[in-house]
Each structure stands twice: as structure tokens, then as C-alpha cells.
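These are my notes from a first look through the structure. I went element by element and wrote down what I found.

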Amino acid sequence: MKNETLMPTAPPITPVEPPRLRIQDVGRDFHTRNGVTHAVSGIDLTIERGDFVALIGRSGCGKTTLLRMIGGLLPPSAGTIEVDGNSLWRGSHVEPSAVTKLGFVFQESNLFPWFSVLDNIALPLKLRGMGKIERRERAAEFAALVGLAGFERSYPRELSGGMRQRAAIARALSTEPELLLMDEPFGALDALTRERMNLELQRIVLDTNSTVVFVTHDIPEAVFLADRVVHMTPRPGRIRQILPAEFPKPRAVEVTTTPEFNEIVRILRRDLDEEE
Amino acid sequence: MSPRTLKMLPWIVTPSLVIVIIFLWWAIVTFFNVNPFIFPPPQAVAESFVQLLSEPRTWSAVVVTVSEVVIGFLIAVVFGVTVGVLLGKIPWLEISLRPLIVIAQVAPKVAFVPLFVIWFGFGLTSKIVLSALLAFFPIMLNVLLGVRSVEQGHREVMTSLNATKRQTFFQLDMRSLQPYLFAGMEVGIVLATIGAIVGEYLGGNNGLGNLVVSAMNSLDAARTFALILLLSLIGLVLYLIVNEAKRFVIPWHESVYGLRTATA
């Protein structure tokens with residue numbers, strides 16, 4: 001390379017990290033007896049590392065459908081979903097390398113009743129072929145992280161609803177996912193337990209530096225937890241607005257009484273009430 | 001009622017009822033002067049029972065009958081699980097075979113004994129086949145139901161974890177169907193016992209069923225009663241073994257766990 005020195009110096013290439021999650025023009029139709037329903041249509045959303053995004057909307061707005069598409073449970077009819085720059089879906093099949101970066105928490109804990117808490121948390125590791133001793137050690141760490149130390153050997157049926165959801169969260173976290181997807185995880189809990197679980201979730205997310213997409217229909221919950229609240233409207237499910245909720249973290253319950261917090265809640269409530 | 005009382009209850013009620021029944025039996029037979037050839041008094045049955053236990057041929061008959069039941073039952077479990085899982089997992093197979101399954105299920109299988117004797121001889125095999133056949137249906141149908149009853153939410157967990165079909169089968173399907181399998185086995189072990197005994201009644205030269213027939217032929221009602229008592233005890237022990245296995249294999253299940261907490 002003789003004339004190397006003669007070449008103009010190239011601008012330094014800054015490696016652009018792809019966003020954690022990039023959703024482009026995603027839609028989903030359901031074919032029913034009465035024709036085609038557009039459950040979700042034209043969704044564009046980009047989520048960066050460490051973001052906590054809440055999806056909120058009335059029932060039927062497609063928020064759960066969208067989350068299931070992101071989670072590899074339901075193939076989209078249109079558009080692309082990329083995790084760390086890699087496409088999640090190839091037709092109606094999930095890309096294993098992309099789906100292994102996800103952790104999913106369902107509305108029901110969906111713990112396996114025949115496994116102890118520890119073995120439930122260790123299940124994802126077992127499926128990945130990790131040895132028994134190692135995965136149980138890891139699972140015990142995550143049980144402690146979610147506040148279930150001392151309950152490792154209990155069966156799910158012996159736990160309260162809140163504790164079961166803690167175990168479900170630990171199970172989702174056990175593989176240290178790049179992206180944590182939560183579908184109304186506290187929807188079935190009473191108000192007091194729910195408030196405590198929100199604080200716990202915030203702590204866990206900060207401890208693990210997780211990126212989260214969180215579906216809920218509870219406005220204060222969304223504003224309390226999220227950096228951005230994505231408001232979806234039904235028929236077809238679209239994004240209506242994205243409101244930032246920029247409060248320093250960790251947030252205490254007291255943040256919910258500040259005027260700034262209540263202003264966001266007020267806007268969301270007003271706009272949600274407009275919808276029939 | 002306190003849990004402790006609840007736990008004690010069967011230990012008080014069962015012996016009391018047995019005593020009352022035996023007393024009534026004795027009273028009726030004595031006061032109505034029933035012919036002992038028709039209805040022997042309890043003490044005669046007890047005597048016969050003790051006599052029965054002292055005979056070596058009783059014990060060899062017990063070994064024969066229990067072997068038939070256990071072998072037949074195990075065959076039924078293996079085939080019941082295999083067929084149940086296949087039919088549960090392959091809907092078109094189940095749909096196309098359904099009429100035949102229903103016919104086979106309602107057919108009085110005991111009526112096949114003469115044919116089994118022709119095909120498999122007077123030995124153990126014909127009884128084992130009848131045992132297995134009787135126990136097969138409840139086990140297969142329960143397993144089929146179990147495979148179909150896997151919770152959708154659990155399936156989604158496996159999907160979200162990118163589990164292979166094989167992993168889902170062993171970690172989820174096979175686990176979910178265990179309570180159903182045990183429900184089938186509890187019915188199956190009783191039917192397997194009936195199968196072996198009926199087989200011995202109709203085409204046997206050995207086993208407890210055969211002893212019942214010869215006691216009957218010599219018009220020894222007390223001995224017949226004693227043999228029925230012994231058969232019931234064997235049936236009870238076999239059932240308890242299956243039941244105990246259930247408590248060991250699925251301690252988490254409502255049917256086991258609920259009982260434990262209710263009586264603990």
C-alpha cells in the first residue's frame with residue numbers, strides 16, 4: 001500500500017450501537033368469522049438501553065398484542081421488530097438468538113406447580129442446559145434479589161399472589177435478559193401489594209440495569225415506573241402519544257403527590273376518558 | 001371441626017361401623033335362624049379365614065393372583081400412557097379412532113375370557129391380558145384428558161423461553177398429566193384386580209379365583225366369604241400402594257396437598 005499516506009484521512013467511524021428494541025410499522029390482524037380485525041397497526045417505537053417504557057391504554061387497544069409480538073409469542077402481520085439490531089421474527093418463526101435476549105412476565109405468574117420456587121426460577125437455565133448445582137445457585141441469588149430468600153423450597157401454591165409474581169419476575173430475570181417484557185404483572189394484586197411491588201420492581205430494575213416494556217391500564221403505575229408512557233388507542237391499536245415522565249430515580253412513593261406527576265396523570269386520564 | 005378431630009375421625013368411625021355391621025350380621029343370622037350353608041355367621045367366617053391363612057396353597061394362590069394383577073396393571077400403564085399421549089397429541093388420530101375406542105370401551109371385556117383362554121391357555125397369560133385390558137381404558141382416557149389439559153399459560157412460558165418440543169414435552173406435558181395418570185391408575189388397579197379374579201373364575205386352574213370356585217362347588221359358604229375377605233384385603237393393599245405412590249410423586253397436587261393441610 002504505497003500511496004496509503006496520500007489518501008485523505010477517513011473520518012473516525014463511531015460505532016453506532018443499535019437500539020435495544022426497534023419496532024417499525026408493526027401491525028397485526030386477526031381473522032375472525034366477521035372479517036378482519038386490525039388489532040395493532042402502524043406501530044413505530046424505539047427503546048434504548050436502560051429505558052423503562054410503559055404501554056397504557058383501554059382494554060382492546062392492542063397493548064398486550066404488541067407485547068406478545070415483541071415477546072416472540074405472536075408473529076406480526078406487518079413490519080419489523082429488532083432486538084439489538086437483529087430481527088426477532090423470520091416469517092412466523094422466532095429467531096432463537098433474538099428471543100433468548102428476552103424475559104417475559106405474564107399477568108398470571110404461570111409458575112409450574114410441581115416445581116419449588118427455586119426450580120421455577122431455575123427453569124430457564126435448565127432449558128439452556130446449565131448444570132443443577134450452578135443453576136440452583138444462580139436461582140437462589142435471584143430469589144434473594146426479589147425478596148424470596150427463605151421461600152426457595154416452597155411450592156407456588158404456598159405463596160401469596162404477590163410472592164408468586166416475585167418468583168415469576170425472578171424466573172424472567174434468571175437468564176439476565178437484555179429486555180424485560182411485563183404484561184400487567186401486578187394486575188391481579190390488591191392495591192397495597194401492588195404499590196409495594198412497584199417499589200420492588202423499580203429497585204430490581206435499577207439493580208439489574210434492565211430495559212423494560214411494561215403493559216398496564218393503571219395510569220399512576222405507568223407514570224411512577226416509566227421513563228416514557230406510550231398511550232395507545234383502540235380500533236386499530238395505534239400509538240396516540242408518548243409522554244416523558246422524567247423524575248429522578250429511585251423514586252419514592254411521595255413523587256406521586258407532586259404537581260408534575262399529577263399533571264401527566266391528568267393529561268393521560270383526560271385523553272383516555274375521551275375514548276369511548 | 002378442628003383439624004385434629006378431622007384426622008382422628010376415620011380411626012373412630014371405621015372400626016365402630018365394622019363392629020356394628022358384624023354385630024348386626026351375627027344378630028340376624030342367629031335370631032332368624034338362617035341356614036349357615038346360605039349365610040354363615042361371622043365366627044364361622046373368621047374360623048375359615050384363619051384356616052385359609054394356614055394352608056400353603058392359599059399363599060401360592062395369592063402369589064399367582066397378585067402377579068397377574070401387577071403384571072396386567074403395569075402393561076396397562078405402559079400402553080395407557082403411550083396411547084393416551086399419542087391420541088392426545090395427534091388430534092386427527094383421536095378423531096378418526098374415536099368410534100372404535102368408544103366401542104372397545106363399552107364392550108363387556110369380561111365376555112372375552114373364553115376367547116382369551118382359547119388363545120392364551122388356562123395359565124397366567126389369559127388373566128394378565130384381561131387385567132391389562134380392563135385397567136387400560138381408564139388409564140388411557142385419563143392420560144388423554146391430561147395431555148389436553150395443559151394450561152395455556154404454562155405453554156406460553158415454555159414458548160417465551162424458546163423451549164424445544166422435546167423440552168416442552170418432558171418438562172410440561174409429562175408433568176401436567178401426572179395427576180390424571182394417577183386418577184386413572186387408582187381406578188385401573190381396582191379393575192385389574194377384578195380382571196384377574198374373573199379370569200380365574202371362568203377359565204382358571206390356579207389363583208384365588210379358582211379357590212373361590214372350588215369352595216363354592218363344595219357349598220362351603222364360610223370359606224367363600226373368607227376368600228372374598230382375603231381378595232378385598234389384597235385389593236386394598238394394591239390400591240394403597242398406588243395411592244402412596246401418588247403422594248410421593250405429586251406431593252404438590254391439590255388431591256395430596258389439600259388433604260395434608262386439611263388434616264395436618
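Entry 1, the sheet. The model is predicted. I began with an open sheet of four strands in chain A, whose order is S2-S1-S4-S5 and whose pairing is antiparallel. I then looked for its edges: these are strand S2 (35-47) and strand S5 (86-87) of chain A, each of which pairs on one side only.

Inside the sheet I followed S1(A) and strand S4 (residues 78-83) of chain A, which pair in the antiparallel sense over five bridges. To fix the register I noted one position: Gly27(A) is opposite Ala78(A) in S4(A).

Next I checked what lies on the sheet. Helix H1 (residues 63-70) of chain A lies across S1, S2 and S4 of chain A. Its direction is at about 115° to S1(A).

Entry 2, positive phi values. I stayed with strand S1 (residues 21-32) of chain A, since Asp25(A) is found there. Asp25(A) is not a glycine, yet its phi is positive, about 50°. Is Asp25(A) buried, partly exposed or exposed? I found a relative accessible area of 47%, so Asp25(A) is partly exposed.

A second residue of this kind is Glu184(A), again not a glycine, with a positive phi of about 45°. I located Glu184(A) in the loop between strand S9 (179-183) and helix H6 (191-208) of chain A. Is Glu184(A) buried or exposed? Its relative accessible area is 11%, and the cut-off for buried is under 20%, so Glu184(A) counts as buried.

Entry 3, cis peptide bonds. I noted one between Arg235(A) and Pro236(A), with omega about -15°. Pro236(A) sits in the loop between strand S11 (228-233) and strand S12 (238-244) of chain A. I noted another between Lys249(A) and Pro250(A), where omega is about -5°. Pro250(A) belongs to the loop between S12 and helix H8 (259-274) of chain A.

Entry 4, a covered helix. I turned to helix H3 (residues 117-127) of chain A and asked how many of its 11 residues are buried. The count is 10, and the helix is mostly covered. I listed some of the buried residues of H3(A), among them Val117(A), Asp119(A), Asn120(A), Pro124(A) and Leu127(A).

What do the buried residues of H3(A) pack against? In chain A, I found helix H4 (132-145) and helix H5 (161-173). In chain B, the partners are helix H7 (152-160) and helix H8 (165-176). Past the end of the helix, I noted that H3(A) is followed by Gly129(A), which has a positive phi, near 85°.

Entry 5, the two helices of chain B. Having met H7(B) and H8(B) as partners of H3(A), I looked at how they meet each other. Their axes come within 11 Å and cross at roughly 150°. Angles over 145 degrees count as roughly antiparallel, so H7(B) and H8(B) are roughly antiparallel to each other. The crossing of H7(B) past H8(B) is right-handed.

I wrote down the residues that make the contact. From H7(B) they are His154(B), Arg155(B) and Met158(B). From H8(B) they are Gln167(B), Thr168(B), Gln171(B), Leu172(B) and Asp173(B). By type, the residues of this contact divide into two nonpolar, four polar and two charged.

Methods. Residues are numbered from 1 along each chain as its sequence is written. Chains are lettered from A and ligands numbered from 1 in the order in which they are written. This is a predicted model: local features need pLDDT of at least 70, side-chain atom pairs count only at pLDDT 80 or more; totals for chains, interfaces and linings use all residues. Side-chain values use heavy atoms; hydrogens and water are left out. Buried means under 20% relative accessible area, exposed over 50%, partly exposed in between (1.4 Å probe, protein chains only). Contact means heavy atoms within 4.5 Å. Axes are lines fitted to C-alpha atoms, for helices over the stretch in contact, and angles run from 0 to 180 degrees between N-to-C directions. Angles under 35 degrees count as roughly parallel, over 145 as roughly antiparallel, 65 to 115 as roughly perpendicular and the rest as oblique. A crossing is left-handed if the near helix is turned anticlockwise from the far one by less than a right angle, and right-handed if clockwise. Ala, Val, Leu, Ile, Met, Phe, Trp, Tyr, Cys and Pro count as nonpolar, Asp, Glu, Lys and Arg as charged, and the others, Gly among them, as polar. Two strands pair if DSSP finds at least two bridges between them.
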